[in-house]
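User: I have a model open and want to work through its local features. Please keep the answers brisk.

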Amino acid sequence: MGSSKLIAVVLLLPALLAFQAPMATAANSNLFRDYIGAIFNGVKFTDVPINPKVRFHFILAFIIDYTTATDPPTPTNGKFNIFWQNNVLTPSAVASIKQNNPNVRVAVSMGGATVNDRPVFFNITSVDSWVSNAIDSLTTIIQDNNLDGIDIDYEQFQVDPATFAECIGRLITTLKSKGVIKFASIAPFDNADVQRHYQALWAKYGAVIDYINFQFYAYGASTTEAQYVNFFNQQLVNYPGGNILASFTTAATATSVPIETALSACRTLQKEGKLYGIFIWAADHSRSQGFKYDTEAQALLANATTSY
């Protein structure tokens, strides 16, 4: 029996190595992503400086499968409604910013932390019904607004990780197979329950997830550059093979990673060949700063030696 096991190990080893080899990959790229529309302060696509040398994704925040006409809002089992400022960020505004900037794509984020100052929970009646409703409602929203992709940003859950993974994974797979979306991303952060759900999703459906918008700014104001880089490397292990974006927030806060710390870490990651991209939460906040840091982040990414 021992020899047969040894032969099996020898035969399996090359296959295992081949499977694992791509998982350690990380490379510089020029992807910049900016959330927009959640704060309802009138920020427009055209307010935001766009560097023609980066791939630029606006991410509308948010659509949520909660009611819009009840107080408090209640879950709708995958029937999504618009919660971004869509009287400013209109379908015609989407079409115009893309027409005038060939490097721009526009996505929409699902979920978010709160609705009307109450927590948003991922809540379903059943997997099949949630997926069916989500496919129908998202297809309508995406096509009506000329959108290109989706972002998954649920942060509280009333289902187990396997159920979340099956719902979201089947949704992304179907929307891609039907040509409704071109890309999909997830937006986890370093919370044990959040990581359990998103890592379960990644383990089963990572092949259909294009980008990981990891919320590194949530680590806290005392974070150093070296710690930020270490946190980034930890997520390369947690999401093997993933295109992980660095991030910071331009919101006025004393509890998040300082912007300059994050940008310094981004420069280090780029020198190490690991800076696939940067995302910012959010253009709504950046407007009061003249989009200084949006511009600086794009300039850094424009120097990427490799783009995809």
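User: Let's begin just after α4. Which residue follows α4, and what is the sign of its phi?

Analyst: This is a predicted model, so every value here is computed from predicted coordinates. Gly179 follows α4. Its phi is near 75°, and the sign is positive.

User: How does the span expected for helix α4 compare with the distance between its end C-alpha atoms?

Analyst: Helix α4 covers residues 161-177, which is 17 residues. At 1.5 Å a residue, the expected span is 24 Å. The end C-alpha atoms agree with that, because they are 24 Å apart.

User: What sits at the start of α4, and which backbone nitrogen does it reach?

Analyst: Look at the side chain of Asp160. One of its oxygens comes to within 3.0 Å of a backbone nitrogen at the start of α4. That nitrogen belongs to Ala162.

User: Which elements do the buried residues of α4 pack against?

Analyst: The buried residues of α4 include Phe164, Cys167, Ile168, Leu171, Ile172 and Leu175. Glu166 is also among them. Their packing partners are β4 (104-112), α3 (127-144), β7 (149-154), β8 (183-186) and α5 (192-205).

User: Is Cys167 buried or exposed? And how many disulfides does the structure hold?

Analyst: Cys167 has 0% relative accessibility, so it counts as buried. Cys266 is buried too, because its relative accessibility is also 0%. A disulfide is a covalent bond between the sulfur atoms of two cysteines. Searching the whole structure gives a disulfide count of zero.

User: Next, the largest pocket. What is its volume, and which element gives the largest share of its lining?

Analyst: The largest pocket holds about 590 Å³ of space. Two or more lining residues come from each of β2 (55-64), β5 (114-115) and β11 (277-281). With three residues, the largest share comes from β2.

User: How many residues line the largest pocket, and which lie nearest its centre?

Analyst: The lining counts 27 residues. Those nearest the centre are Phe62, Gly112, Ala113, Thr114 and Trp281.

User: Phe62 came up there. What is the omega of the peptide bond from Ala61 to Phe62?

Analyst: Phe62 lies in strand β2. The peptide bond that leads into Phe62 from Ala61 is cis. Its omega is near 5°.

User: Which residues does the cis peptide bond at Pro72 join?

Analyst: Pro72 is in the loop between β2 and β3 (81-82). The bond has omega of about 5°. It joins Asp71 and Pro72.

User: Where is Asn30, and which backbone oxygen lies by its side chain?

Analyst: Asn30 sits in the loop between α1 (2-20) and β1 (31-36). It counts as buried, because its relative accessibility is 10% and the cut-off is under 20%. A polar atom of its side chain is 3.1 Å from a backbone oxygen, that of Lys53.

User: What about Asn133: buried or exposed, and which residues does it contact?

Analyst: Asn133 lies in helix α3. Its relative accessible area is 19%, so it is buried. A polar atom of its side chain is 2.9 Å from the backbone oxygen of Asn77. Leaving aside neighbours within four places in sequence, its contacts are Asn77, Gly78 and Lys79.

User: Which residues does Tyr293 touch, and how far is its C-alpha atom from that of Leu263?

Analyst: Tyr293 is in helix α9 (residues 292-302). It is buried, because its relative accessible area is 15%. Not counting residues up to four places away in sequence, it touches Phe248, Thr250, Ile259, Glu260, Leu263 and Ile280. Leu263 is 30 residues away along the chain, and the C-alpha separation is 8.8 Å.

User: What is the phi of Phe40, and is Phe40 buried or partly exposed?

Analyst: Phe40 is in the loop between β1 and β2. It is not a glycine, yet its phi is positive, about 60°. Its relative accessibility is 47%, so Phe40 counts as partly exposed.

User: And Asn116: where does it lie, and what is its phi?

Analyst: Asn116 lies in the loop between β5 and β6 (118-119). It counts as partly exposed, because its relative accessibility is 48%. It is not a glycine, but its phi is positive, at about 50°.

Notes. Residues numbered from 1 in each chain as written. Predicted model: local features only at pLDDT ≥ 70, side-chain atom pairs only at ≥ 80, totals over all residues. Heavy atoms only, no water. Disulfide = S-S within 2.5 Å. Buried < 20%, exposed > 50% of the residue type's maximum accessible area, 1.4 Å probe, protein only. Helix = DSSP H or I, 4+ residues; strand = E, 2+ residues; numbered from the N terminus. Expected span 1.5 Å × (residues − 1). Contact = heavy atoms within 4.5 Å. Polar contact = N/O pair within 3.5 Å; in protein donor to acceptor, adjacent residues only side chain to side chain. 1 Å grid on protein atoms, 1.4 Å probe; cavity = no way out; pocket = protein on both sides within 12 Å on 5 of 7 lines; lining within 4 Å. Points joined across faces, edges and corners; volume = space filled by probe spheres on them.
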